[in-house]
Amino acid sequence: MSPRTMAEKVWDAHLVHRTDGEPDLLYIDLHLVHEVTSPQAFDGLRLAGRTVRRPDLTIATADHNVPTTALDLPIEDPISKKQLEVLTANCAEFGITCYNRGDENQGIVHVIGPELGLTQPGMTIVCGDSHTSTHGAFGALAFGIGTSEVEHVLATQSLPLIRPKTMAITVTGALRPGVTAKDLVLAIIGAIGTGGGIGYIVEYRGDAIANLSMEGRMTVCNMSIEAGARAGMIAPDATTIEYLRGKAHAPTGAAFDEAAAAWLAFATDEGATFDREVVIDASTVEPQVSWGTNPAQVAPISATVPDPEAIADPAERDAAARALSYMGLTAGMPIRSIDVQTVFIGSCTNSRIEDLRLAASVMEGRTVAEGRRVLVVPGSHRVKRQAEAEGLHEIFTAAGAEWREPGCSMCLAMNPDKLAPGERSASTSNRNFEGRQGRGGRTHLVSPAVAAATAILGHFATPEDLQ
Amino acid sequence: MKPVTILSGHAVPLQRSDVDTDQIIPSDWLKRVERTGFGAGLFSEWRDDRSFVLNDERFQGATILVAGPNFGTGSSREHAVWALLDYGFEAVISSRFADIFFSNCTKQGLLPVTVSPEVADTLLAAVAADPGLEITIDVARGTVEAPAIALSATFTLEPFTTERFVNGWDDIGLTLRHSDELTEFEQSRPAFLPSTR
Ligand code: SF4
């Protein structure tokens, strides 16, 4: 057989049916469900008198709407409350395990899949959520789908799909000290643009990728969608295998070794070709801060806000000018001089234990700048328990930050955690769209390290600036 | 979904690139558990601005949205498609669509028409100048025509997607033709794969 890429191998291993001129029918190994994109899909099943084909390959969690305040407080928004109740009722009716608010396994859907060991190499994983690309960090083919497709997977455990092209993003060399996976992925998006990955499955490779922890790999794959790619993947290796060992749903004993051997075999063959190749030198990447209203509008923290007049492409120039006006910024301002009112540390991009450890290490023994609001929202109850066992919550609260219950929270402001109009945030999330964190809110995407340093100084900063 | 063969109507010019799904339907609207009623939420934050193009009387009743490149970027929310359909749009024309949005359109019968950047720019300018400009889209032939400005362009969909539009096929029904193959595939899956139980 000719050499194949990882994406092609996973694709081929899940092919149920192929007819020329039609999409391939692919089997889906794991379907993740949450409250926002599923109610209409369950309704569709009921209308057609259909059942869920494989409830044992389906899992649901409440994440987008859940308040992150104390669990014993009621959910005040009646519409959010209803959506969560509808999820619980649908899962009960169709026999799907559901982790509700307060459940020890509950959390952001893309945080709990990996930590439960449900996300494994070589699998096909889908969810009605574009950041499903996160799971590609394990060498799974994982992508977001719409509600019609959610219904389709519930009914048939498969999806008709047109095979995307493949792109290799090779990150050579090593990241400089203090530069994180988040900075790397922001720099990649800045380089290839929000549309650069459209139509592709991206495989991230190279030394800088291989040296990332699983958490860092998840951060990179998470934001593939921000470059337009439907999926991002990283080859499984020893780091992947060690992460999965002992996880609740991972195989045990001899089955684990058998699985591990099968996982490694999914890596791209020597000599396989990609439809597009991009090379990035990791040593050139600095801590990043987004300045605009799409994630490609990003710059190194040492830079100044760009001048739209200097952008050659008319559509991009226009978009930059509109972004600066929305963001309340002027061309030429040093990024470090921009004041923020709120810092959000959380979301499926950066709410894992390693992210919280990094933020805590920066905030330890320091105090949040006067008048700033800082929210730390762990990605899951498991992350929260681990952080508390390590005393991280005490570091955050002593510094003046709020320690919250898990959920999507201010990443998309469907729950009460929102920015006010004109309020400016440094956020470890993944989208800086207009109004994403609350109507009129101004979002700057950053790493947990920059978020924590910014919380202390009140303007964009790196941990080195605190010295 | 209902069959879509030939669409004829007026258009609205949305002169913006990277129109993301958070703008098409803001997250407040995602709390609904129904599939209907999303039209009121379409571009709701932009619609507060009186000068926003959807508020322009001259474009009332338009069934085609012409937008800048990279339309529908962002989240997987199918609500964006429901909102466009519920508002009355039957087709969106752009030089580039985000993948998930494009796929969601094809599931719901909202026609995504990918044209060259030049054609998109020509249409944006022509519609802005003449809101009454008649545009005709023929799905089977893959053509976009505006005779008044002598514009005739082509677009492509996967042949299978074209057939789904023209015949109004339901994907689940199509897949269930392969039930036996699904069962057979399931029997060959490695035992170490996880179960959620
Ligand atoms: S944390 Fe944000 S991006 Fe991630 S699933 Fe939740 S809303 Fe989506």
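What follows is a chat between a biologist and a modeller about how the labels on this predicted model are earned.

Biologist: Before we start, what are the ground rules?

Modeller: It's a predicted model, so local features need pLDDT of at least 70 and side-chain atom pairs count only at pLDDT 80 or more, while totals for chains, interfaces and linings use all residues. Residues are numbered from 1 along each chain as its sequence is written, chains are lettered from A and ligands numbered from 1 in the order in which they are written, and side-chain values use heavy atoms, with hydrogens and water left out.

Biologist: What makes a residue part of the contact between chain B and chain A, and how many residues does each chain give?

Modeller: Contact means heavy atoms within 4.5 Å. On that rule chain B gives 61 residues and chain A gives 86 residues.

Biologist: How do you know how much area chain B and chain A bury between them?

Modeller: Buried area is the accessible area (1.4 Å probe) that two parts lose on being put together, summed over both. Here that comes to about 5800 Å², with 53% of it on carbon and sulfur atoms. In chain B, the residues that lose the most area to chain A are Lys31(B), Phe192(B) and Thr196(B), together 14% of what that side buries.

Biologist: Why is the pair Asp170(B) and Arg50(A) called a salt bridge?

Modeller: A salt bridge needs a side-chain nitrogen of Lys or Arg within 4 Å of a carboxyl oxygen of Asp or Glu. The closest N and O atoms of Asp170(B) and Arg50(A) are 3.8 Å apart, so the pair passes. Arg50(A) lies in the loop between α2 (39–48) and β4 (58–61) of chain A and Asp170(B) in the loop between α6 and α7 of chain B, so this pair joins two chains. Helices (H or I, at least four residues) and strands (E, at least two), by the way, are DSSP runs, numbered from the N terminus.

Biologist: What makes both of those residues "partly exposed"?

Modeller: Buried means under 20% relative accessible area, exposed over 50%, and partly exposed in between (1.4 Å probe, protein chains only). Arg50(A) has 23% and Asp170(B) has 40%, so both land in the middle class.

Biologist: How many salt bridges does the rule find across the interface of chain B and chain A?

Modeller: Ten across that interface, and 41 over all chains. One network, built from salt bridges that share partners, takes in Arg53(A), Arg54(A), Asp56(A) and Glu186(B).

Biologist: What makes Asp12(A) a salt-bridge partner of Arg4(A) and of Arg163(A)?

Modeller: The N to O distance is 2.9 Å for Arg4(A) and 3.3 Å for Arg163(A), so each pair meets the cut-off. Arg163(A) sits in the loop between β8 (158–161) and β9 (165–172) of chain A and Asp12(A) in helix α1 (residues 6–13) of chain A, so their bridge ties together parts that are 151 residues apart in sequence. Asp12(A) is partly exposed at 30%, and so is Arg163(A), at 35%.

Biologist: Why is Arg164(B) called buried?

Modeller: Its relative accessible area is 4%, so it falls in the buried class. Arg164(B) is in helix α6 of chain B. Leaving aside neighbours within four places in sequence, its contacts include Met1(B), Trp169(B) and Leu174(B).

Biologist: What makes Arg164(B) and Asp171(B) a polar contact?

Modeller: The term means a pair of N or O atoms within 3.5 Å; within protein, one must be able to donate a hydrogen and the other to accept it, and residues adjacent in sequence count only if both atoms are side-chain atoms. The side chains of Arg164(B) and Asp171(B) are joined at 2.9 Å, so the distance fits.

Biologist: Why does Cys98(A) have no disulfide with Cys91(A)?

Modeller: A disulfide is a pair of cysteine sulfur atoms within 2.5 Å. The sulfur of Cys98(A) is 4.1 Å from the closest cysteine sulfur, in Cys91(A), so that's too far for a bond. The count over all chains is zero disulfides. Cys98(A) is buried at 15%, and Cys348(A) is buried too, at 7%.

Biologist: And why does Glu394(A) count as exposed?

Modeller: Its relative accessibility is 51%, so it clears the exposed cut-off. Glu394(A) lies in helix α14 (residues 392–399) of chain A.
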